[in-house]
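Work through the exercises below with the coordinates open. Each task is followed by a stepwise solution.

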Amino acid sequence: MNTRTGRTPAYILVILIVICLLQIIPFYLGLTTSMKGSRDTSSPWSLPLATFTLENFAIAWKQGNIGRAILNSAVITVATTAITVIVGALAAYPLARRRTRGNQAVLLLALAVMMIPPLSILVPLIRMLNDMSLLNTFPGLILPLAALSLPQAIFLYAQSLRGIPIDIEEAARIDGAGSLRVFFQIVLPVLKPVTISVVILTGVNKWNEFALSNYIMTTDATRPLAPAVATFFGSAGANVNAAIAGAIMGVLPVLVAYLFLQKYFMKGALAGAVK
């Protein structure tokens with residue numbers, strides 16, 4: 001920003017406009033395609049003026065069971081995020097406050113686990129869940145997803161805790177507060193910006209999760225959003241219009257949540273920059 005005039009340079013405005021257009025174009029193409037009939041071979045750039053229809057949304061809702069899939073994704077996302085925040089913060093607290101070699105090794109191990117692709121553990125995970133009768137159950141997917149999210153959450157919380165003075169905790173302990181009370185009433189509120197960041201990273205990732213849920217949740221009653229949209233693509237053919245319609249319906253809850261929680265999203269995104 002130009003500090004003398006208070007105006008943003010023109011080239012920055014042009015760059016921002018281009019970035020916005022690049023983000024909007026896929027949504028525009030998706031909307032136009034979802035509102036055209038399956039026999040419409042016109043360009044996806046053209047508006048569906050002559051062949052406008054909402055049939056694809058009805059097909060996605062009924063045949064793809066998108067409504068149930070959205071509910072399943074909401075349950076999985078909320079539960080996974082809650083476990084990640086609570087367990088991640090509790091695990092990071094002693095690791096950050098007690099800087100021993102063992103705790104440092106645990107943090108390095110958490111970083112190493114972040115590098116492991118989820119699909120590399122798919123086969124033994126499926127076998128273990130099958131032996132425990134957890135396939136096609138919410139715990140069978142929520143627990144592995146939370147376990148994969150914990151290393152990142154622990155690392156973020158640990159790094160933030162190291163920047164918080166320990167004096168306020170010691171004062172509370174002198175007044176007779178226990179470790180859990182100190183953590184939940186004093187430390188955790190201070191970690192609000194980091195918690196928002198963890199919620200955003202975990203929530204968005206798990207709402208769009210496909211790799212594990214496609215193999216763990218295989219029934220219509222338990223299938224989340226991404227695998228439900230994928231059911232429109234098969235060896236016998238693909239219903240692209242209905243698939244896009246289902247994807248658009250799946251995006252709506254996220255957009256609504258963003259509109260209501262926009263200020264928290266901004267705080268979480270800028271938490272590292274303003275610290």
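**Exercise 1. Charges and overall build**

Task: State how far apart the mean positions of the positive and negative charges are in this predicted model.

Solution:
1. Count the charges: the protein has 20 positive and 9 negative ones.
2. Take the mean position of each set; the two lie 7 Å apart.
3. Set this beside the extent of the C-alpha trace, which spans about 75 × 70 × 30 Å along its principal axes.
4. Add the surface: about 16,600 Å² is exposed, and carbon and sulfur atoms supply 68% of it.
5. Of the 275 residues, 35% count as buried.

**Exercise 2. Confidence**

Task: Find which elements have the lowest and the highest mean pLDDT.

Solution:
1. List the elements: 14 helices and two strands.
2. Get the background: the protein averages a pLDDT of 84, and 92% of the residues score at least 70.
3. The lowest mean, 47, belongs to helix α14 (residues 271-274).
4. The highest, 93, belongs to helix α5 (residues 122-131).

**Exercise 3. Threonine 81**

Task: Decide whether threonine 81 is buried or exposed, and list what it touches beyond four places in sequence.

Solution:
1. Locate the residue: threonine 81 sits in helix α3 (residues 66-97).
2. Read its relative accessible area, 9%.
3. The cut-off for buried is under 20%. Threonine 81 is therefore buried.
4. Leave out residues up to four places away; threonine 81 then touches Val199, Thr202 and Gly203.
5. Check the chain as a whole: among contacts with a separation of 6 or more, 70% are between residues 24 or more positions apart.

**Exercise 4. Aromatic rings**

Task: Classify the pairs that involve phenylalanine 183 with tyrosine 93 and with phenylalanine 184.

Solution:
1. Choose the descriptors. A pair of aromatic rings is described by the distance of the centres and the angle of the planes.
2. Count the pairs: there are three aromatic pairs.
3. Take tyrosine 93 and phenylalanine 183: 5.3 Å between centres and 50° between planes, a tilted pair.
4. Place the partners: tyrosine 93 is in helix α3 and phenylalanine 183 in helix α8 (residues 179-190), so this pair links distant parts of the chain, 90 residues apart.
5. Check burial: tyrosine 93 is buried at 11% relative accessible area, and phenylalanine 183 is buried at 2%.
6. Take phenylalanine 183 and phenylalanine 184: centres 5.1 Å apart, planes at 85°, so the pair is edge-to-face.
7. Phenylalanine 184 is partly exposed, with 40% relative accessible area.
8. Join the results: Tyr93, Phe183 and Phe184 form one aromatic cluster.

How values were computed
Residues are numbered from 1 along each chain as its sequence is written. This is a predicted model: local features need pLDDT of at least 70, side-chain atom pairs count only at pLDDT 80 or more; totals for chains, interfaces and linings use all residues. Side-chain values use heavy atoms; hydrogens and water are left out. Helices (H or I, at least four residues) and strands (E, at least two) are DSSP runs, numbered from the N terminus. Buried means under 20% relative accessible area, exposed over 50%, partly exposed in between (1.4 Å probe, protein chains only). Contact means heavy atoms within 4.5 Å. Rings of Phe, Tyr and Trp (its six-membered ring) pair if their centres lie within 6.5 Å; planes under 30 degrees apart count as stacked, over 60 as edge-to-face and the rest as tilted. pLDDT is the predictor's confidence in each residue, from 0 to 100. Accessible areas come from the Shrake-Rupley method with a 1.4 Å probe; for residues, only the protein chains shown count as cover. Lys and Arg count as positive and Asp and Glu as negative; His and the chain ends are not counted. The place of a charge is taken as NZ of Lys, CZ of Arg, CG of Asp or CD of Glu.
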